[in-house]
Structures are given as structure tokens and as C-alpha cells.
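Please look through the model below with attention to its packed interior and to the spaces left within it. The paragraphs that follow take up aromatic pairs, nonpolar cores, pockets and cavities in turn.

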Amino acid sequence: MNDRAGRRRARRMAIGTAVVLALAGMNGPWLYRFGSEKYHQYKIDKQEYKAENGRWEIVDFPEKYRQNTIHAALLHTGKVLLVAGSGNDQDNFDAKQYDTRIWDPVKGTVKKVPTPTDLFCTGHTQLANGNLLIAGGTKRYEKLKGDVTKAGGLMVVHNENPDEPITLPAGTRFTGKENGKTFVSKDPVLVPRAKKNFDKETGEFLGNTPGYGRTYVEAQKEGAKHQTGTQDNYTVQGLSGEDARNTYGIAEKLALDKKDFQGIDDAFEFDPVAEKYIKVDPMKEARWYPTLTTLSDGRILSVSGLDDIGQLVPGKNEIYDPETKKWTYTDKVRQFPTYPALFLMQNDKIFYSGANAGYGPDDVGRDPGIWDVETNKFTKVPGMSDADMLETANTVLLPPAQDEKYMVIGGGGVGESPKASEKTRIVDLKADSPRFEDGPSMDKGTRYPQASILPDDNVLISGGSEDYRGRGDSDILEARIYDTAKNELRRVADPLVGRNYHAGSILLPDGRLMFFGSDPLYGDKANTKPGEFEQRIEIYTPPYLYGENPQPELAGGPQTIEHGESGTFTSKDAASVKKVRLIRPSASTHVTDIDQRSVALDFETDGDKLTVTVPESRNVVQAGWYMLFAVTADGTPSKAQWVQVP
């Protein structure tokens with residue numbers, strides 16, 4: 001370098017240093033942030049960082065395809081069904097604008113699908129034939145106290161005629177015998193005939209038990225003066241003769257209180273090949289926030305939810321038969337809060353973790369336990385820590401499913417409570433006396449944690465918020481991998497997007513995870529600005545996809561393997577395979593994903609052949625489509641092959 005060039009370089013460096021110093025003097029924090037952000041981006045882009053922590057990225061959907069995704073399910077076509085319904089948007093609901101999208105994560109394409117009704121806050125589960133059963137949704141949005149202009153509530157209509165039921169149309173007027181106030185029904189109601197009662201030994205007639213039906217009623221006019229304060233009997237206007245004598249209403253306080261959401265009884269099967277909704281027979285009960293759980297024979301149990309008048313369904317559970325496409329009530333009544341976490345056990349019973357999504361009394365159906373649906377016997381499982389903070393908790397059947405160990409993650413207090421739990425709790429249902437024990441704790445109390453099973457037998461836990469619906473800017477931008485073998489949580493790369501209410505996660509066939517939704521109540525720390533629904537989709541690529549070795553190959557093989565039978569696949573990496581997992585595709589909403597489970601398969605290798613055997617138990621492997629992953633010793637999974645277990 002000559003002297004002139006050296007002097008020019010020194011002068012440029014001096015000027016540059018002076019500019020930097022001047023900027024630092026004027027705006028030191030800005031410079032620090034700029035430098036920190038650049039360094040952070042540099043650090044997380046390094047291969048060794050990604051191999052240890054994974055990486056997050058945002059999927060850029062065209063604006064016309066964005067929606068308020070509330071529900072998501074992986075279809076056996078490899079595409080993801082994204083359901084918004086009205087998307088928790090009253091304007092969409094009033095305009096009957098209901099949305100569904102199908103996203104292909106391989107091709108990156110998005111398709112709009114006609115949505116038949118408001119499937120906002122529906123229930124769903126995978127069926128044996130590969131369809132997705134979807135049942136319930138929204139009939140009416142809630143009205144907060146202050147927005148309610150007409151006094152209203154529940155009217156229980158009684159029928160004392162033992163010979164005939166009676167149907168009252170929408171618009172029927174009920175007038176109080178004591179208060180003299182008149183209320184009008186919003187929907188028709190069928191009131192069954194009365195039941196005749198006889199002494200079993202003597203045959204003596206003991207009297208009738210009235211049939212009853214329920215309907216929502218409102219005052220004819222607006223204003224507080226039309227409220228009632230106590231229970232009253234109501235005469236039904238427009239009836240005469242025997243009908244007038246036999247039919248009457250009873251209502252508690254009819255007031256300007258908050259009115260909860262109301263559910264619908266509509267049910268559909270979504271066909272992933274035709275990519276359309278197919279209407280099936282409606283449920284016996286309208287349900288908003290129900291849980292659908294697959295039983296060992298392939299039928300579907302539907303539990304809980306708010307009914308067509310906004311009341312918690314009073315323990316009247318029902319079962320869908322995919323063969324007949326019809327619903328029947330279970331014999332016994334058992335009540336749970338909405339979106340209860342219910343899982344099929346290996347002994348045909350149902351495990352209830354205690355986790356739920358909210359609505360329901362705080363002293364009914366809150367205890368974890370084992371439920372025999374047939375006899376209705378419920379056996380409590382003790383040991384749950386933070387037992388009063390199970391709303392908005394997540395529950396995962398830890399892999400492999402044969403071990404029958406469950407983890408309950410985080411959660412919060414009942415209703416809009418600010419309380420949140422940092423606990424994880426684990427129960428071994430194969431133990432002689434099952435009991436919850438605390439697992440490793442998270443750093444912060446966490447409502448709405450998303451959790452997805454990974455093919456390497458670990459679980460990715462991410463997001464959530466410290467307060468109700470992210471209140472106080474409390475979203476948690478942290479993610480951890482739970483190591484099932486070591487019973488340890490390990491911090492990994494931080495997500496880019498906060499996720500709280502109406503959020504979830506899905507394992508994709510290539511081993512990555514997708515995250516959707518989030519519906520914060522407020523948009524600022526002071527809780528003064530309304531929140532905005534998070535429409536961005538985010539992808540997390542786990543560390544196992546950044547390792548030194550590429551994903552093992554897996555090809556060929558049968559598309560169908562019977563229970564107890566085997567199938568042979570081709571893999572030039574067969575010798576390096578250390579485990580094979582059959583993972584049921586997710587159907588996720590409201591931190592509730594009953595479907596996901598990872599089943600360990602016995603396997604043998606011979607050259608480039610990998611022969612796997614499916615367990616015989618239909619309670620371990622419920623009939624349906626699965627992702628088959630081959631996993632190497634360092635935890636790297638293949639891309640999945642789709643297999644149907646009929």
C-alpha cells in the first residue's frame with residue numbers, strides 16, 4: 001500500500017469513527033439495538049446454532065388468503081386444513097362470512113374452501129377413512145354486560161300431558177304469574193310428553209313426571225325495568241284447553257347480564273381428496289367448544305360444549321357412528337368443562353387430564369381421573385399440582401404411546417384469572433396406583449402453551465402467555481424441547497411471533513412444525529388498545545434437520561397395514577435406523593389436540609429393506625391414517641410415508 005492510499009484509508013476510518021461516535025452520542029440505545037439485532041440475526045443463522053436450537057421462519061401468505069385461523073388439522077394428503085369460521089369476528093358472523101383454507105406446505109399453495117356454517121369453536125377428530133369429523137360451532141356471539149339491551153335468559157318449558165309432546169314455535173310469549181312481565185322465545189322448542197310412573201311391585205300409578213324443553217327468551221322491550229329478580233312460573237300465550245293446563249314455563253332471574261355464546265348441532269365430514277365439507281346428521285345437542293374423542297371401535301364420543309341457549313350441556317354426551325353417520329346418546333350423564341382433554345386408554349376407558357378451555361362451574365368436572373363411559377364410573381387420579389390452574393393447560397400423550405404416560409403443561413386460573421402455572425405434571429397410567437408427579441418447570445407461568453410430539457420421541461413446547469389472552473403484553477417468546485428420556489426441558493430458538501388464545505401447532509410430514517393463530521385481548525402493555533388476531537403462520541425446523549447427516553430415505557411399501565400385520569419399505573439407510581414411529585396427524589384448537597400420538601413399531605432390517613409391524617391393539621393404534629417415520633441413532637427422522645391402518 002503506498003503512502004497516499006494509506007492516508008486516504010486512515011482518513012476514511014477517522015471519518016467513519018467520528019460518524020459512529022456522533023450517532024452514539026445522539027442515540028446510543030438505537031445504535032446498541034441495531035448492533036444487537038444484527039448480531040442476533042448473524043448468530044441464529046449460523047449452522048452450529050441451528051443444529052443446536054433449530055430455526056423459526058414466517059410463511060408469507062398472500063393477503064387475500066389470510067384468515068383468523070382457529071382450528072387446524074393435518075390431512076392424509078399432506079395438506080393442512082385451516083378453519084376460521086367467522087374467526088371470532090362479530091362483523092364476519094353478521095355477514096355470514098365463514099372461512100376455510102387448505103395450505104400445501106410443500107408446494108406453498110393456498111386454496112379457499114366454501115364453508116357451510118360458522119365452524120368457529122367447533123370440535124374435530126380424524127376418522128378411520130381419512131375424513132375429518134367436524135361437529136358444533138357458533139349460533140350466536142356472546143354479549144357482554146353493558147351491551148345487552150333486552151333482559152333475557154333460560155326458560156324451562158314443562159309438559160304434563162303423558163300422551164302427547166308439544167312444539168312451541170319461535171316467537172312464543174311467556175307471561176309471569178307473579179311479575180306479570182312477558183318474554184318471547186327466540187327458537188322453537190319441542191317438549192316431550194310426561195312420563196307415567198308406577199310402583200314396580202304393586203303397579204299402582206304414582207303420578208307423572210313432566211317432560212321439559214329449554215329455550216332462550218328475551219323481554220319484548222329494552223331496558224332494566226323489564227328484568228326479573230326471582231324465579232317465577234310463566235303461562236304460555238296462545239294455548240287453550242288441555243294444552244294451556246298442561247304446558248307452562250319456569251325461569252330464574254331474567255336480566256341484562258352477560259350472555260354467553262350459543263352452539264349449533266351441525267356436523268360435517270371434511271373429505272381431504274374432494275376438499276369439501278359433507279353434511280351428516282346433526283348431533284343430539286348443540287355444542288360450542290366440544291371435545292371429540294375416538295373410541296376403540298372407531299366411533300366418536302362428543303362431550304361438553306355450550307348449547308343452543310348458551311348453557312353448558314348438562315352432561316348429555318353422545319356418540320357418532322361413521323358407518324351410519326348418526327348420533328346416539330350415551331346411557332349415563334357426566335358433565336365436564338368445555339374442551340375437556342379426553343384420551344382413549346389401552347383398557348377402553350377414557351383419561352381426563354383435568355385440562356380444559358374454560359366454560360363451566362369451577363366445582364364440577366374439574367378433577368383429573370379415569371372415566372369408564374359404559375358404567376359412568378369415574379376414578380380420580382391424585383397428585384396434580386396447581387390443580388386450580390388447569391384451564392388453558394395443554395396435555396400430551398408422551399411418546400411412545402405404549403408407555404401411557406401423559407404430561408400436563410402450564411395452565412391458568414378459572415375464567416379471566418391472571419394466575420398461571422409454570423408446572424409440568426406427569427402421570428404413568430400403567431402404574432399400580434397412578435399419581436401425578438411434577439416434571440421440570442418452565443421459567444414462567446404459562447397459559448395456552450403449544451405442544452407437539454416429535455418423531456425422535458421428544459416434545460416441542462412453545463409460546464403461550466403469562467396472563468389471560470396475553471393481557472399486559474405477556475406473550476412468552478420462548479420454546480423448549482422436552483427430552484422424554486432425560487425428563488429435562490432444554491431451551492431452544494425463540495419463536496418470532498407471540499401465541500396465546502386461539503393458537504396451536506401441527507407436526508408436518510417432513511418433520512417440521514407449523515404454528516397458527518393467536519387472539520390477544522389487548523394490543524399494548526397498558527391494556528388500552530384492542531388486540532389484533534395473529535394471521536401469520538410460522539414454521540419451526542427442529543435441530544434434528546440441521547445435523548451433519550441428511551434425513552434417511554424411506555420409500556415404497558404398502559399404503560395399508562392391518563393391525564398385527566407387517567409391511568416392508570425401501571431405504572438405503574435401513575442399517576442406520578434405530579426406531580420407527582407411527583404418528584397420528586393432529587387436529588388442534590384451543591390448546592386441545594386429542595388426536596396426536598406416537599406409536600413405537602417393531603422393525604427388522606435386511607439390506608435396503610425395512611420391515612415394520614403394527615401393534616394389534618386398536619386402543620394403541622386407532623384406525624386411520626398415520627405418518628410413518630424412520631429415525632436414526634442421532635434422532636434424525638425421515639420424511640414420513642403415509643400409511644392407513646384400517
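Are Phe-183 and Tyr-234 buried or exposed? In this predicted model, both Phe-183 and Tyr-234 are buried. Their rings have centres 6.1 Å apart and planes at 80°, so the pair is edge-to-face. The pair links distant parts of the chain, since Phe-183 belongs to strand E12 (residues 182-185) and Tyr-234 to strand E17 (residues 232-236), with the two positions 51 residues apart in the count along the sequence.

A second pair can be set beside this one. The rings of Tyr-448 and Tyr-501 have their centres 6.1 Å apart, but their planes stand at 55°, so this pair is tilted. Tyr-448 lies in the loop between strand E33 (437-438) and strand E34 (450-453), and Tyr-501 in the loop between strand E37 (488-492) and strand E38 (503-507), so the pair ties together parts that are 53 residues apart in sequence. Tyr-448 and Tyr-501 are both buried. The structure holds 25 aromatic pairs, and ring pairs also join Phe-93, Phe-120, Tyr-141, Phe-261, Trp-288, Tyr-289, Tyr-339 and Tyr-359 into a cluster.

From the rings we turn to the nonpolar cores. The largest nonpolar core has 36 residues, and those with the most contacts inside it are Phe-351, Leu-582, Val-612, Val-621 and Leu-628. At least two residues of this core are supplied by each of strand E31 (405-409), strand E42 (577-584), strand E44 (597-606), strand E45 (609-613), strand E46 (624-632) and strand E47 (641-645). Leaving aside its neighbours within four places in sequence, Leu-582 is in contact with residues that include Val-599, Leu-601, Val-621, Leu-628 and Val-645. Apart from the largest core lies another, of 34 residues, with Leu-82, Leu-460, Leu-508 and Ile-583 among them.

The open spaces come next. The largest pocket has a volume of about 820 Å³ and is lined by 34 residues, of which Asn-88, Glu-142, Tyr-468, Arg-469 and Leu-521 lie nearest its centre. Its lining divides into 14 nonpolar, ten polar and ten charged residues. The second largest pocket holds about 550 Å³ of space, and its lining of 19 residues has Arg-214, Lys-284, Glu-285, Asp-308 and Lys-316 nearest the centre. By class, this second lining has ten nonpolar, two polar and seven charged residues. Strand E13 (189-191) and strand E16 (211-219) each supply at least two of its residues, and the largest share, three residues, comes from E16.

There remain the enclosed spaces, where the count comes to ten cavities of 30 Å³ or more. The largest cavity encloses about 100 Å³ of space, and its lining includes Met-442, Asp-443, Lys-444, Ile-461, Glu-478 and Arg-480. Strand E35 (459-462) and strand E36 (479-483) are the elements that give two or more residues to this lining, which divides into five nonpolar, three polar and four charged residues. The second largest cavity has a volume of about 80 Å³, and among the residues that line it are His-124, Pro-290, Leu-292, Tyr-339, Asp-593 and Ile-594. Two or more residues of this second lining come from each of strand E6 (123-126) and strand E22 (291-294), and its classes are five nonpolar, six polar and one charged. Tyr-339, which lines the second largest cavity, also belongs to the cluster of rings described above.

Notes
Residues are numbered from 1 along each chain as its sequence is written. This is a predicted model: local features need pLDDT of at least 70, side-chain atom pairs count only at pLDDT 80 or more; totals for chains, interfaces and linings use all residues. Side-chain values use heavy atoms; hydrogens and water are left out. On a 1 Å grid over the protein atoms alone, a cavity is a set of points where a 1.4 Å probe fits but cannot get out, and a pocket is an open set with protein on both sides within 12 Å along at least five of seven lines; lining residues have an atom within 4 Å of a point. Grid points are joined across faces, edges and corners, and a volume is the space filled by probe spheres set on the points. Ala, Val, Leu, Ile, Met, Phe, Trp, Tyr, Cys and Pro count as nonpolar, Asp, Glu, Lys and Arg as charged, and the others, Gly among them, as polar. Helices (H or I, at least four residues) and strands (E, at least two) are DSSP runs, numbered from the N terminus. A nonpolar core is a set of buried Ala, Val, Leu, Ile, Met, Phe, Trp, Tyr and Cys residues joined through side-chain atoms within 4.5 Å. Buried means under 20% relative accessible area, exposed over 50%, partly exposed in between (1.4 Å probe, protein chains only). Contact means heavy atoms within 4.5 Å. Rings of Phe, Tyr and Trp (its six-membered ring) pair if their centres lie within 6.5 Å; planes under 30 degrees apart count as stacked, over 60 as edge-to-face and the rest as tilted.
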